[in-house]
Amino acid sequence: MVSIVSSSSLLMPQLQRILIPLLALSALRVIFLKQGFGLSLEDISKGKILLLDLFSISAYVYAQKPQLDIHSFEGTFTREDSDPTVHESLSIENTLWASTVVASGTVIGVVIYTGKETRSVMNTSNPKNKVGLLDLELNQLTKALFLALVALSIVMVTLQGFVGPWYRNLFRFLLLFSYIIPISLRVNLDMGKAAYGWMIMKDDNIPGTVVRTSTIPEELGRLVYLLTDKTGTLTQNEMIFKRLHLGTVSYGTDTMDEIQNHIINSYSQMQSQSSGNSTSSTPSRKIQSSTPKVRKTVSSRIHEAVKAIALCHNVTPVYESRAGVTGETEYAEVDQNFSDENRTYQASSPDEVALVKWTESVGLTLVNRDLTSMQLKTPGGQILTYYILQIFPFTSESKRMGIIVRDESTGEITFYMKGADVAMSTIVQYNDWLEEECGNMAREGLRTLVVSKKSLTEEQYQDFEGLVFVQKQNRYNQAKLSIHDRALKVAAVVESLEREMELLCLTGVEDQLQADVRPTLEMLRNAGIKIWMLTGDKLETATCIAKSSHLVSRTQDIHIFRPVTSRGEAHLELNAFRRKHDCALVISGDSLEVCLKYYEHEFVELACQCPAVVCCRCSPTQKAHIVKLLQHHTGKRTCAIGDGGNDVSMIQAADCGIGIEGKEGKQASLAADFSITQFKHIGRLLMVHGRNSYKRSAALGQFVMHRGLIISTMQAVFSSVFYFASIPLYQGFLMVGYATIYTMFPVFSLVLDQDVKPEMALLYPELYKDLTKGRSLSFKTFLVWVLISIYQGGILMYGALLLFESEFVHVVAISFTALILTELLMVALTIRTWHWLMVVAEFFSLGCYVASLAFLNEYFDVAFITTLTFLWKVSAITVVSCLPLYILKYLKRKFSPPSYSKLTS
């Protein structure tokens, strides 16, 4: 077991010193594997180094204090028992993610942070408990019902004259009328939500959809703003190499065979030269490099560009193991036979994989890579080995990555660098075409990378590497060992190389759109949903994708918000934007930050009037901030959809979060409320399931309230007739059975109702606009149901009192039977599209009631309920309570039909 001891934070506020009596093996494994100090996995596995020997080493690690940033790690490793003392820097390259799957071999590591100090825990924010708008509206109605309950009880006590212990009577009335409060509403709604989730997951038209919440399916039918990521959401995150530009000549997909011919010719000439004069090949290179510069041929420029693309990356070729082959023979096969059939490339960025796959297609193949070297295979089958001397990884700050390699055959040292045009334009030599061509490619929707190189002499590299300094402590290594501001110091040292680099080429990679993105976005726009695209990509690429995906229609103007840094600039630009009408807005994250700092309300007001908004160069925190701004300023429901870990904060902040399972993992999918497999599925999810969930829950909620109101009205009428006596009308099992077995199934069957067919909802997305107005459940519809309940409750009670004969038990029998029949008929009146289960529920409930009459002797006179007198009285009361409502519904559909009725006829 490894023990880790941290020093007092008072003594070392910036660092934690981790002592390593038993930790040396772990630390050495991490360091030596990366730095090549001679300790390798093979040495350990073959027994050259005993584990106990490693445990006896005296060493320690400095590590920076726990922090949020997941993309950086700074520390140093020191071994004290060697002469001289070994100092090695630790960076993010020396770390592994928690739960990393090791593809092959063994990794021995040291745990630096645990528990609350780990990056993952520190970056975890507690997701808010999302509550749907429908639930909030029902809460308001329930509060109104509670006030009605209290008011009705006070009125009854007042009419009683406050005689005797009036407060006792007040509480009696509160209990008698307590059915006004729909206690079963929450149960019915939660069961309904579970049913909606099950229906969504069982929909064959959107396979793979997962509902991860059971509280907000109705939100899918109330959305006004949809905030979407670009890469992997609107696009497939599958990169395809499309364009190579050398300044004077450009190659597209249809002319790639020319490049292939140039590469084949170039390497065949080199091979013939080397075989013809193998003894003097190296000196000739030396002489060639010292000769004056001449204008290079197109063939040599293509060769240099392709070689640079094939070498400047972080891609590793992986060879799949074949069935029945042991681990050892697999390693041997990888060493000896680089077969193309079972090779795949792995990298952190799909852009890099696309570039390496392209170099393979034109003849220069990456066949092997380890920590110190990589091997390329030429079209003629020759293996070229390059030693990796230094790697400068890509960061969001530098926007570029570099690598220094040494050619094994010639000994030449070359510094290759590639990156965004913004970062590279100041590094490469003067040219007059780079900026223009970058703009052209961006307008085509291509992601651009600028590739450059610089040849280094042995002396230049040694000066950089610093081997001439004492104890190998050079400028770069000293900077790496510096804990404080290490990134800045390292960047300053690397910057000494990044001068006057030779511009080789400009590459264009296309990120293809997801299937059916255009019709889906058009459908959402027709449904009245405003779409905002929040992306980390550059402005030109984001604008192009917005056009190609039809997020911005062809006829719409685009207002590109100019970069602003001060309050005055923001004020002028906002005024210029205010004069534009019906145009899409494109703004960068930096400008957005300035606008929100000084003119938050004005900016959001203007942006909300736009048909579409594109925010580029957005950080994950900014995405979540934009969602909260829309919620705060508009009060409308927002939906966020994304596919990567950088979209999680936005998804959790939105009222409804949708995650897509994509190439960037499942973080967004697992954090979201709904998980889908393709962007196009969002159309059916909102138009069909969102519509049905909202409409059904609105009808179900109001009907459950009606069920409580009608029986409370009957109780109020009964008490009023009998001198405001606080005596219950129905007792015992009748009250229990009324809310459960007699009416539960028909009422709950409303979750199967639908007003329009799914095909119609998708064909006419304009119907969705009505849902966002919230007309299915409002105080207006609630008051209509209250009036219906009062009318029906009054008719049922007064009718029973008028028609009852000698015994009071007849009033109970007549009124309760008429009440059950009325409820069943009202369910039938509410239903818009019949389902066979609804019919079953109606007859099953009626059958249960009829069957129970035989056992409820204490409530019903069996002799009386079997007579024709009972039947005609019950029928008469039921017809009077329901027939006017059926007539009103017919007249309303005749003279003021809803928007969907024409489509269903």
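Let's start with a term: a residue is buried under 20% relative accessible area, exposed over 50%, and partly exposed in between (1.4 Å probe, protein chains only). This is a predicted model, where local features need pLDDT of at least 70 and side-chain atom pairs count only at pLDDT 80 or more, while totals for chains, interfaces and linings use all residues. Residues are numbered from 1 along each chain as its sequence is written, and side-chain values use heavy atoms, with hydrogens and water left out.

**Exercise 1. Work out how Y890 is classed, and find the patch around it.**

Step 1: Find Y890 in helix α35; helices here are DSSP runs (H or I, at least four residues), strands are runs of E (at least two), and both are numbered from the N terminus.

Step 2: Check the cut-off: with 53% relative accessibility, Y890 counts as exposed.

Step 3: Look at the company Y890 keeps: a nonpolar surface patch of L825, V879, L883, Y886, I887, L888, Y890, L891 and F895, with about 890 Å² of accessible area together. Patches take residues with over 30% relative accessible area and no salt bridge, joining like charges within 9 Å and nonpolar side chains (Val, Leu, Ile, Met, Phe, Trp, Tyr) within 5 Å. Helix α35 (residues 868–895) gives the patch its largest share, 8 residues.

**Exercise 2. Decide how far you can trust the coordinates.**

Step 1: Take the average: the protein chain has a mean pLDDT of 83, and 84% of the residues score at least 70. pLDDT is the predictor's confidence in each residue, from 0 to 100.

Step 2: Go to the extremes: strand β1 (residues 5–6) is lowest with a mean of 32, and β7 is highest at 96.

Step 3: Spot the weak stretches. Over residues 323–336 pLDDT stays under 50, and the model has 7 contacts (heavy atoms within 4.5 Å) there beyond four places in sequence. Residues 467–473 also stay under 50, with 6 such contacts.

Step 4: Draw the lesson: where pLDDT is low, don't read the predicted coordinates in detail.

**Exercise 3. Describe the surroundings of strand β19.**

Step 1: Count the buried residues: 4 of the 5 in β19 (residues 530–534) are buried, so the strand is largely enclosed by the rest of the structure.

Step 2: Find a pairing strand (pairing takes at least two DSSP bridges). β7 (residues 223–228) pairs with β19 in the parallel sense over 4 bridges, and Y225 stands opposite K530.

Step 3: Now take β22 (residues 612–616), which runs parallel to β19 and is joined to it by 4 bridges. Here L534 has C615 as its bridge partner.

**Exercise 4. Pick three salt bridges and say what each one links.**

Step 1: Recall the rule: a side-chain nitrogen of Lys or Arg within 4 Å of a carboxyl oxygen of Asp or Glu. The count comes to 25 salt bridges.

Step 2: Try E218 and K193, at 2.8 Å from N to O. E218 sits in the loop between β6 (210–211) and β7, and K193 in helix α7 (residues 184–201), 25 residues apart. Both E218 and K193 are buried, and they belong to a salt-bridge network with D135, R186 and D190.

Step 3: Next, R406 and E458 have their closest N and O atoms 2.9 Å apart. R406 is in strand β15 (residues 400–407) and E458 in helix α15 (residues 458–465), so the pair ties together parts 52 residues apart in sequence.

Step 4: Finish with R562 and E573, which meet at 3.0 Å, N to O. R562 is exposed at 56% relative accessibility, whereas E573 is buried at 3%.

Notes: Areas by Shrake-Rupley, 256 points an atom, 1.4 Å probe, with all protein chains shown as cover.
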